[in-house]
Protein chains: 4
Amino acid sequence: MIPRYTRPEMAAIWEPQTRFRIWFEIEAHATDALAEIGVVPKEAAAKIWEMAKDATFDVERIDEIEAVTKHDVIAFLTHLAEIVGPEARFVHQGMTSSDVLDTCLSVQLVRAADILIADVDRLLAALEARAFEHKMTPTIGRSHGIHAEPTTFGLKLAQAHAEFQRNRARLVAARAEVATCAISGAVGTFAQIDPRVEEYVAAKMGLAVEPVSTQVIPRDRHAAYFAALGVVASSMERVAIEIRHLQRTEVLEAEEFFSAGQKGSSAMPHKRNPVLTENITGLARLVRGMVTPALENVALWHERDISHSSVERMIGPDATVTLDFALNRLAGVVEKLMVYPENMQKNLDRLGGLVHSQRVLLALTQKGASREDAYRLVQRNAMPVWRGEGEFQTLLTNDAEVRQYLTAEEIAEKFDLGYHLKHVDTIFRRVFGRA
Amino acid sequence: MIPRYTRPEMAAIWEPQTRFRIWFEIEAHATDALAEIGVVPKEAAAKIWEMAKDATFDVERIDEIEAVTKHDVIAFLTHLAEIVGPEARFVHQGMTSSDVLDTCLSVQLVRAADILIADVDRLLAALEARAFEHKMTPTIGRSHGIHAEPTTFGLKLAQAHAEFQRNRARLVAARAEVATCAISGAVGTFAQIDPRVEEYVAAKMGLAVEPVSTQVIPRDRHAAYFAALGVVASSMERVAIEIRHLQRTEVLEAEEFFSAGQKGSSAMPHKRNPVLTENITGLARLVRGMVTPALENVALWHERDISHSSVERMIGPDATVTLDFALNRLAGVVEKLMVYPENMQKNLDRLGGLVHSQRVLLALTQKGASREDAYRLVQRNAMPVWRGEGEFQTLLTNDAEVRQYLTAEEIAEKFDLGYHLKHVDTIFRRVFGRA
Amino acid sequence: MIPRYTRPEMAAIWEPQTRFRIWFEIEAHATDALAEIGVVPKEAAAKIWEMAKDATFDVERIDEIEAVTKHDVIAFLTHLAEIVGPEARFVHQGMTSSDVLDTCLSVQLVRAADILIADVDRLLAALEARAFEHKMTPTIGRSHGIHAEPTTFGLKLAQAHAEFQRNRARLVAARAEVATCAISGAVGTFAQIDPRVEEYVAAKMGLAVEPVSTQVIPRDRHAAYFAALGVVASSMERVAIEIRHLQRTEVLEAEEFFSAGQKGSSAMPHKRNPVLTENITGLARLVRGMVTPALENVALWHERDISHSSVERMIGPDATVTLDFALNRLAGVVEKLMVYPENMQKNLDRLGGLVHSQRVLLALTQKGASREDAYRLVQRNAMPVWRGEGEFQTLLTNDAEVRQYLTAEEIAEKFDLGYHLKHVDTIFRRVFGRA
Amino acid sequence: MIPRYTRPEMAAIWEPQTRFRIWFEIEAHATDALAEIGVVPKEAAAKIWEMAKDATFDVERIDEIEAVTKHDVIAFLTHLAEIVGPEARFVHQGMTSSDVLDTCLSVQLVRAADILIADVDRLLAALEARAFEHKMTPTIGRSHGIHAEPTTFGLKLAQAHAEFQRNRARLVAARAEVATCAISGAVGTFAQIDPRVEEYVAAKMGLAVEPVSTQVIPRDRHAAYFAALGVVASSMERVAIEIRHLQRTEVLEAEEFFSAGQKGSSAMPHKRNPVLTENITGLARLVRGMVTPALENVALWHERDISHSSVERMIGPDATVTLDFALNRLAGVVEKLMVYPENMQKNLDRLGGLVHSQRVLLALTQKGASREDAYRLVQRNAMPVWRGEGEFQTLLTNDAEVRQYLTAEEIAEKFDLGYHLKHVDTIFRRVFGRA
C-alpha cells in the first residue's frame, strides 16, 4: 500500500480508526445480545452505545497501551473503558480476541469488495459506452499478432465487457465467501458465550454466521477471496496489454489520453507512452503474487495458528488497494481512450486485401475450381501483393483464369467488410442485452 | 500426470481417444446444425453419425497424418474422412480449429469437474460418518500448537465438512465457468458460420454459448477454474496436516490405517508413518503451483495468441488428475482413520487440569475475589501442577483461601467437560442439518 | 512495508531522503566524469559537490515540483538547482532518468543485501553458539513426525547452520547480481554520453558496469535477487516450523523465550504460544509471494517498458524489509530459545526403548538368528512395550530365547546412545571447522 | 513431461532404467567403500560389479516386486540379488533408502543441469553469430513500445547474449547447489555406517559430501535449483516475446523460419504465425510455476517428512524437460530467424525523422537558442511531420529561423545514424570480448 497507487476510499478501510470503529460495533452489538439474554444489564449495553457511538478513538493512546500490554484488543478495550466508564466491564464478556479480529476482517473485506464491485461497474460503463460508440468501427482482428480477419473495435470492447461481467460476478461471490461472523470462543465451542450472540452480531453487521469456527474463521474463505482478485487482476492485464499493443508506434490505433497542453508532446509527438496501462500491467503482477500466500494460509495447525496474520496484515490492504487503484486507472483509460478509426482502416488496408484471400479461395471452390487450382490462382495473385506490387482485388479482377469462375462483382463482394460484420448485433445483444 | 498419482477415470478424459470422440461429436452436431439451416445436405449429416458414431479412432493413424500435415485437427478430419467416406467433405464447414479445440477443452474440464465433485462427495460422506461417530469424543483443542480448551474430535471433522461443502460449491461454480461452447470463426465474428450452429452444438454438448469468443474462449474462465482447484487443494492440505499432527509419536490421537499384517509394523510398532497425508501435502503444492500459470494465460494478445496452449496441455491433465487422486486418497484416509479416544483423553489430562484454569479464575472473580487475588490463587496452584507436582483440581480443593470463595462441588464443576460440549449439537445442526 | 514488521535500518534505504542522496551522488559523480573528459567545466563539477554534499533534500518541495512536472527526476533536478545554483545546468548532461533510477535501485538493493547478510551472520552466530552448547544433548530424531533414531539438539542446529551458510552465499551472489551501473542513454547506445562516464560512476558507487543496458538494467538480475530472497525465506520457515513443533504441548523440548514476569504465564503456565515463529512462518510466505512478480518482470517489451516499476516500488522495500525483520526475529528466537534437555530425554524414553529395536534385530541376525526368528523375537518383546506393559530392554533381557543369542551386556549395548552420537564431532567439523 | 515438448536426451535421465543404473552405482560404490574399511568382503564387492555392471535392469520385474513389498528400493535390491546372487546380501549394509534416493536425485539433477548448460551454449552460439551478422543493422529502439532512438539489431542480440551468459552462470551455480551425496542413515548421524562410505561414494559419483543430512539432503538446495530454472525460463520468455513483437504484421522486422514450400504460406503469405515463440512463452510459465512448490518443499518437518517427494517426482522431470525443450526450440528459432533489414529501415523512417527531434533541440540550444525558442522551432516543424505532411529534416532545413542557428549540414548531421552507432563496438567488446 504505497501512496502513489492508493485511493483514499479503499485505504480508509484499513486505517486504525476504521478498525477500532468496527471493533466497537462488534463489541457493542455483542453486549446488546448479552443483555438480551440476560447476561449483562441492558442499561450497561445502552450506556456503551451512548458514550462511544460518536467517539473518535485515540489511536496513539491505544498504541501506547498496547506497547505495555502487548495485546491489541486489550489495549482497545482499555481505551474504550476510558471513554465508556465503569459499564465497560460488561464489554467482551466471554469473547476472545479473535472473535473481534476475524469478524472485523470480514467486514473490511466485504467493504473492500463493495468498492471493487463499484470499480468494475465504472469500468463496465466505460466499456459499454465506448463499445457502442465503435460498434461498427472496422479494425483488423489479429491472431498470433498477425492480421487475421476484420472485426470491429466495438467487438473488442464487448469482449472485455463480457469478461468483466464475469469478474463482477466473481467479486460478488468472493464477497459472500468472506461475509461471515464468528463469536465462538477459544476453540469455537461456544463454551463461554451463547451462540445467539454470534447470530445477533452477524445480523447487525450484515454477515452470515460462520457454521464452524475454531477461534478463527477458516482461511479457505480468504484464499478464495484473494484468488478471485487474482483473476480480476489478470483480466485487467489483458485489457491493459491490448491498449499497449494498439498504441505501439507501428499500430497506433488507439492511445491513452494525452492532454493537448502536456509538455513534450509536440516536439516529439510520437513519444506518447502508454504508461498507465504499463503501470496496470505491473500492478496486476502484484495482485496475482498475493494469491499464493493466501492459499498457503489455509492449512493452519489444529484449531488455529497465527501464521496467517502477518500475511493478511500485508495482503489485506495491498491486494484490495492495488486492485482498486488499478481498476479505476483502467476505467479512466478506457473512458478517455483516444481511438483512431482512420489508422485502423489504414492497418486493415495494409496487406492490400490479402486478409480476404480465404474468402476468395472458398468462392473459387464453390464455383467449381478444384482445390488445387483455386489455391494456385489465389497464390499467384497474392504473392505480388505481398511484395508490394499491387492490390489483391485488382490483380484478381485482372486475372482471366480467375474470371472464368468469378465476375468482378463477385470478386468485389469477397472484399466487403459487411460480410464480417453481419453478426455484430447478435454478439452485442448477447453481451449488452441490446444492439 | 504420472501413473503413481493417477486414477484411470480421470486420466481417460485426457486420452487421445476421448479427445477425438469429443471432436467427432462437436463436428457431427455442427454438421446437423448446418443441415438444419440448409447449408449441407441432411443425408450427409446423418451419414456422418451413422459411420462414425461407434467408431474407434485410430490414434496412431492420426499421429501419422499429423506428422505430415503438422496440424492436429486436419489430421483428425482426414482420418474421419477415411471412416465416413465422401460425405466427410461436409464436416467442419466454415469452422476453425479452435472452435473444435476450445469447445473440446470445455467438455473435458466439465467432465473433470464432475469427477472432482464426486470425489468431494465421497470425502464429505466420510467426514460426516466419522464426525457423527466421534461427535462427543472429547479431545483437546489447540491454538498455536498449545493446549487451549476441550473440543470433540467430531467437531474437528465437522469443521472439515463445512469447509468441503464450500469447496464443493466452488467446484460447481468452476464447472459453470468453463462450460461454454464457441463456434465463431477466425476472430469470433461468425463471418463464415451462422451463430445458430454454435447454439445448437452448445445445447447438444451440455454447454452454454460463449457470449463473445475471439477464435478462442477467453482464458479468465480457465483461470478461475484452476484457481478454484488451488483453493480445494489447500483445504485438502489442511486436513492432511491435521492428521499428520495427530499421528505424531507424542500425540498419537489418530493414525492412517495400517493393516495388522503389514510387515514391519510389529517389530517397530511406533514406526507407522503418515505417508499418505504427507503425500497429499506435496500434491497440494503441485496443484497450487498451477494456479499462477493459468492466471498468466489470461492476457493473450489481441484476439488470441497460442501461448496458453502448452500451459493447458500440461496443467489441464496434471491439475485435475493430481487433485482427483489426492482427494480420493484423502477420502480413503478419513474413511479408515484409526482414532484413539483413550489417547485423546490422555492428552486432555496431560496438563493436570490446567486447561480449566481460566474457568476457575472467572469463578473466583464472580464469587467476589478481586482480579489480583483470583490471579494469585490460581497461579499458586497452577505452578506445582506445571512442575508435575499434583492435579490442579485437588490442589485447588485443598487450598483454604480458594475454598473461601468456592465449594468443592463448585470447583469440580469447573472441570466438567460438559461445559465445553454443550453446543456441539448446535454446531452439528449448522453443518449437517441434524445433530 | 508495515511498521510492525519493519526495522529502521532497512526501511531507511527506501526513504525518499536516501533515494535523493543516492541520486545526487550518481549525478555528481557523472558530472565529475563529464568534467574529466572535458564536456563540462571542472569548477562546475566541484561546485555541485560543494553546495549539495551535506544538503538535506527537501522531500516535500520535490513532491510539490513533481506534482507540476509529473516527473520525479526532473523535480529532483529542479530542487537540486535551487541548492546548487546556476552550475546545476551541467548536471545530468546527456543522461536519461533511467540512468539515475536504475543505478539507484542497484545501490539500494546492494545495501539491502548487505543488511540481510549481516542478519544471516547474526543468525549463524546464534546457531553456532547454541549448537555447541547442545552438541551432545540427546534428542529423538523424527522422520514423518514419528520417532526414528536418537540425534542431538546440537546437530539440529548444525543442520540449520549449514543451510544458512548456503543462504549467506546465495545472498552474496544475489548482491553481485544487482550490483551494476547503467548510464547509457535512451536505448543503451551511449549516443549522448560517453561510456567512460558509466565506468567512472560505477567505480565510485561500488558497482560493476552493466555490459548491455537498454535504457534499463535487464530485469533477470532483479529476478535472481528476489528468487534468492525466496529461498532464504523458505529456509527461515524451516527453522521456524521446527521450533513451533518443539514447543507443542506434547513435545515441549524448547520454547521461545518468555520472561518470568510476563503476565498470564503463571496462571496458565502451559499457554506460551510460539507466536514469533508463527509470525516468521507467515512472513516467509510473503517474501516467497514476491518471487513470481519479479520473474514476470523479466520479459519487458523491446528495449524497455515500465511495467516493472510498480512491482519494484512495492517488492523492493517489502521483500527486503520483511526478510530483514524476520531474520532478526529468528536470530533473537534462537539466541534466547529455552531448551529443555530433560524433556528431550523424556521424549526419547517415551517409547520404552523401541527406537533401538532395529539395532537389536540386526544384532540377533549377526549372532546367527535367522531373519524370521530375529523378527519374531523382537516383535514379541516390542508389542507389550507398545501397549505400555514394560521396558523393551528389560523384556528382551528376560526373554530366554533372545538370551541364546545375546548376553545382557550385549543387549544393554544396543541401548547405548553413544552408538548414535559417535560421529557428531565429524559432522560438527564439517559445518563449523571445529568440534 | 508430455512427448510433444520432450527431447529424448533429457527424458532419458528420468527413465526407470537410468534411475536403477544410478542406484546400482551408488550401492556398488558403497559396497566397495565398505569392503575398503573391512565391513564386507572385497570379493563380494568385486562380484557385485562383475555381475551387474552391464546388466539391464528389468523394470517390469522390479515393479512386480514393488507391488508386493510396497517399497521401491527393496524391490530394486531384490531384483539386484537375482542378478548378483548371494553376494547381494552385502549390498546396502547400514544404509537407508533415502541415502540411495536422494543421492540419485542429485545425480539426475546434475546431469539435467549439464544438458541445460549445453542448451544455453547452443543458444549463446546462435545469438553471437546472429549478433555479429547484424552488428550494424540499424533498427529503431523502442521504449514503451514507442519509437525512441536508433540502435542495431546486433545490439538487441548482444543484450540477449549477455543475459544468457548470466543464465549460464546461474545454471552452473544451480548444478553445484544440488551436487551432493548423502549416505548418513536414518537421521543423518552415521549410526550404522561410516562417514568414509559417504566420502567414497561422493567422489566416485562426482558429488561433494553433504555436510549435514538428516536422512534427506536439505531441500533449500533443490529450491535454489528450481528457482534458477525459473529465472532462465523468464529470460527465455523475454527473447520469445521480442521475436513475437518483431513478427507482428505491422512491424515485420523478423520472422520465425518458414520453409518456402510450407503449404498455406503463399495463399496467405502474411499468415506466418510466431507459434514457436508463443509456445516458448507458455513453456516459460510452466517452468516458473514450479518454483513455488520447490520453495514450499524446504520446510520439512524435523529430520524429514516425505511431502517433497511427490512434488519432485513431477517437477524434477517436468521442469528440466520443459526448459530443455524450450531452450532448444529457442536456439533453433534464433539460428534460423529470418531478419528483414529493409523493414527495419522502413520502420526507422516511418516517423519522418522525428526520432531525431531531441538531437535537433539540443543543437539549437547549444547554438544559443533559448530553451523556449528551441522548443517552439522543433515543435512547429514536428507537427506537420506527425500529420504526414513532410519529412522532418527537409522542413527544418527550409525553416529560416532554424537556419539562423544551424546550417543545412549541421541539420543533416543530426539525422546521422552513425551518431547512435558509434559505441556498438564498445558494447560488443564488453559482451563478446571482441568487436
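To lay one copy of a chain on another, the two are superposed by least squares on the C-alpha atoms of residues with pLDDT of at least 70 in both. The structure in these views is a predicted model.

**Figure 1. Confidence in the predicted model, for chain A and for the model as a whole.** In chain A the mean pLDDT is 95, and 98% of the residues of this chain reach 70 or more. For the model, the scores are an ipTM of 0.96 and a pTM of 0.97.

**Figure 2. Close-up of V40(A), a residue in the loop between α2 (16-36) and α3 (42-52) of chain A.** A residue is called buried if 20 or more other C-beta atoms lie within 10 Å of its own, and V40(A) has 22 of them within that distance, so V40(A) counts as buried. When the neighbours within four places in sequence are left aside, the residues in contact with V40(A) are T31(A), L34(A), A35(A), A45(A), F90(A) and Q93(A). The view also takes in E87(A), which stands 47 residues from V40(A) along the chain, while the C-alpha atoms of these two residues are separated by 9.8 Å.

**Figure 3. Close-up of the contact between chain A and chain D.** On the side of chain A, 34 residues take part, and they are in contact with 35 residues of chain D. The elements of chain A that each supply at least two residues to this side are β2 (146-152), α9 (220-247), α10 (275-289), α14 (357-366) and α15 (371-386). Of these, α15(A) gives the most, with six residues. Sorted by kind, the residues of the side of chain A that touches chain D comprise 15 nonpolar, 13 polar and six charged.

**Figure 4. Close-up of the axis that relates chain A to chain D.** A turn of 180 degrees, with a shift of 0.0 Å along the axis, lays chain A on chain D with an RMSD of 0.0 Å. In chain A, the C-alpha nearest this axis belongs to E250(A), at 2.9 Å from it. Because 100% of the interface residues of chain A are also interface residues in chain D, these copies meet through the same surface.

**Figure 5. Close-up of the axis that relates chain D to chain C.** Here chain D can be laid on chain C by a turn of 180 degrees and a shift of 0.0 Å along the axis, with an RMSD of 0.1 Å. The two copies are therefore related as by a two-fold rotation axis. The C-alpha of chain D nearest the axis is that of A227(D), 3.1 Å from it. Between chain D and chain C, too, the copies meet through the same surface, because 100% of the interface residues of chain D are also interface residues in chain C.

Key:
Residues are numbered from 1 along each chain as its sequence is written. Chains are lettered from A and ligands numbered from 1 in the order in which they are written. This is a predicted model: local features need pLDDT of at least 70, side-chain atom pairs count only at pLDDT 80 or more; totals for chains, interfaces and linings use all residues. Helices (H or I, at least four residues) and strands (E, at least two) are DSSP runs, numbered from the N terminus. A residue is buried if 20 or more other C-beta atoms lie within 10 Å of its own, exposed if 12 or fewer, and partly exposed in between; C-beta atoms are placed from the backbone. Two residues are in contact if their C-beta atoms, placed from the backbone, lie within 7 Å. pLDDT is the predictor's confidence in each residue, from 0 to 100. Ala, Val, Leu, Ile, Met, Phe, Trp, Tyr, Cys and Pro count as nonpolar, Asp, Glu, Lys and Arg as charged, and the others, Gly among them, as polar.
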